[in-house]
Amino acid sequence: MLTLAEVCEVLDASVLTGETSLQMTVYTACGADLMSDVLAFTKERTLLLTGLTNLQVIRTADVSDLSAIVFVRGKVPQSDLIEVARERKIPLLLTRYPMYEACGLLYQKGLKGCSSAPVMHHG
Amino acid sequence: MGEPVLSVVFELIGGDFSLAGDASSRVKRILQQAGIPAPVVRRAAIAAYEAEMNVIIHADGGTMRLEIHPDETRLTVADQGPGIADVGQAMQEGYSTAPDYVREMGFGAGMGLPNMRKCADRFDIVSAVGEGTRIEMVFRHNGPA
């Protein structure tokens with residue numbers, strides 16, 4: 001597990017929204033551009049890394065109880081997405097690393113994927 | 001099953017992707033405020049979103065009805081869409097008729113209906129070509145995850 005602050009450090013990421021939530025802990029991560037897969041296979045409190053920037057990404061994060069979103073390869077999300085993220089209090093991070101490298105860097109720091117981690121229930 | 005403790009109906013507008021997911025997000029918040037257990041809320045919210053996206057993608061419009069009963073939550077999503085010719089085929093993982101622009105949004109992978117069935121404790125679908133599709137899902141508050 002890592003805190004969002006540690007995720008930022010590892011990925012040299014900037015915080016688009018959610019500056020006050022950087023002490024939040026993430027237990028697992030998932031790299032995906034397919035929101036259908038995120039909806040079907042992720043656990044709650046997961047960090048999503050994605051290259052998609054449309055509104056459906058934040059809707060998916062909201063209903064799936066994801067912790068935060070990292071946009072990879074320097075992509076900046078659409079303004080309507082940012083607005084919903086603020087409203088739903090889901091932190092958004094931006095990194096220049098492409099998907100594979102961003103995932104690899106976090107995995108190297110011990111952040112596991114959704115298939116290997118124990119199920120955690122948080123209220 | 002008697003009268004629900006709470007019943008809300010959301011209108012869904014086909015093709016309006018700026019609002020796609022808004023009803024499901026509201027469903028989630030209502031369930032949270034009602035004190036439904038978090039794992040049940042998550043399963044219901046995910047299933048609601050999958051169903052809502054299907055209406056936005058495939059139909060002109062439809063409705064999502066949320067009913068909270070003491071022991072279970074029911075979601076009924078009905079649309080005036082093209083209907084599904086072969087429901088058995090549509091229930092298979094990976095089968096999709098969604099257009100490319102939907103795939104570019106990260107959807108249309110053919111996982112929606114199977115995922116709804118996985119999330120719900122009971123899942124029923126009735127569809128008629130040219131008339132529409134109706135999905136009923138039940139989420140037991142103390143049911144299996």
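**Exercise 1.** Work out the strand order of the open sheet in chain A, and find its edges.

*Solution.* Start by walking across the sheet: its six strands come in the order β2-β7-β6-β5-β4-β8 of chain A, with mixed pairing. Bear in mind that this is a predicted model. Next, look for strands that pair on one side only: these are β2 (14-17) and β8 (112-113) of chain A, the edge strands. Now zoom in on one pair. Strand β6 (residues 68-71) of chain A runs parallel to β7 (residues 92-94) of chain A, and three bridges join them. Here Ile69(A) sits opposite Leu92(A) of β7(A). Finally, add the helix: α4 (residues 79-88) of chain A lies across β2 and β7 of chain A, at about 80° to β2(A).

**Exercise 2.** Find the residues that touch the most other members of the largest nonpolar core.

*Solution.* This core has 76 residues, and the ones to pick out are Leu48(A), Ile69(A), Val70(A), Ala44(B), Ala47(B) and Ala48(B). Then ask which helix gives the most to the core: that's α2 (residues 38-58) of chain B, with 13 residues. As a last step, take Ala47(B): leaving out residues up to four places away in sequence, Ala47(B) touches Leu75(B), Met116(B), Cys119(B), Ala120(B) and Met137(B).

**Exercise 3.** Describe the side of chain A that touches chain B.

*Solution.* First, the count: 21 residues of chain A contact 21 residues of chain B. Second, the helices: α2 (35-41) and α3 (55-63) of chain A each supply at least two residues of that side, and α3(A) gives the most, with six. Third, the chemistry: the chain A side splits into eight nonpolar, six polar and seven charged residues.

Notes. Residues numbered from 1 in each chain as written. Chains lettered and ligands numbered in written order. Predicted model: local features only at pLDDT ≥ 70, side-chain atom pairs only at ≥ 80, totals over all residues. Contact = placed C-beta atoms within 7 Å. Helix = DSSP H or I, 4+ residues; strand = E, 2+ residues; numbered from the N terminus. Nonpolar A, V, L, I, M, F, W, Y, C, P; charged D, E, K, R; others polar. Pairing = 2+ DSSP bridges. Axes fitted to C-alpha atoms, helices over the stretch in contact; angles between N-to-C directions. Core = buried A, V, L, I, M, F, W, Y, C linked by C-beta atoms within 7 Å. Buried ≥ 20, exposed ≤ 12 C-beta atoms within 10 Å, placed from the backbone.
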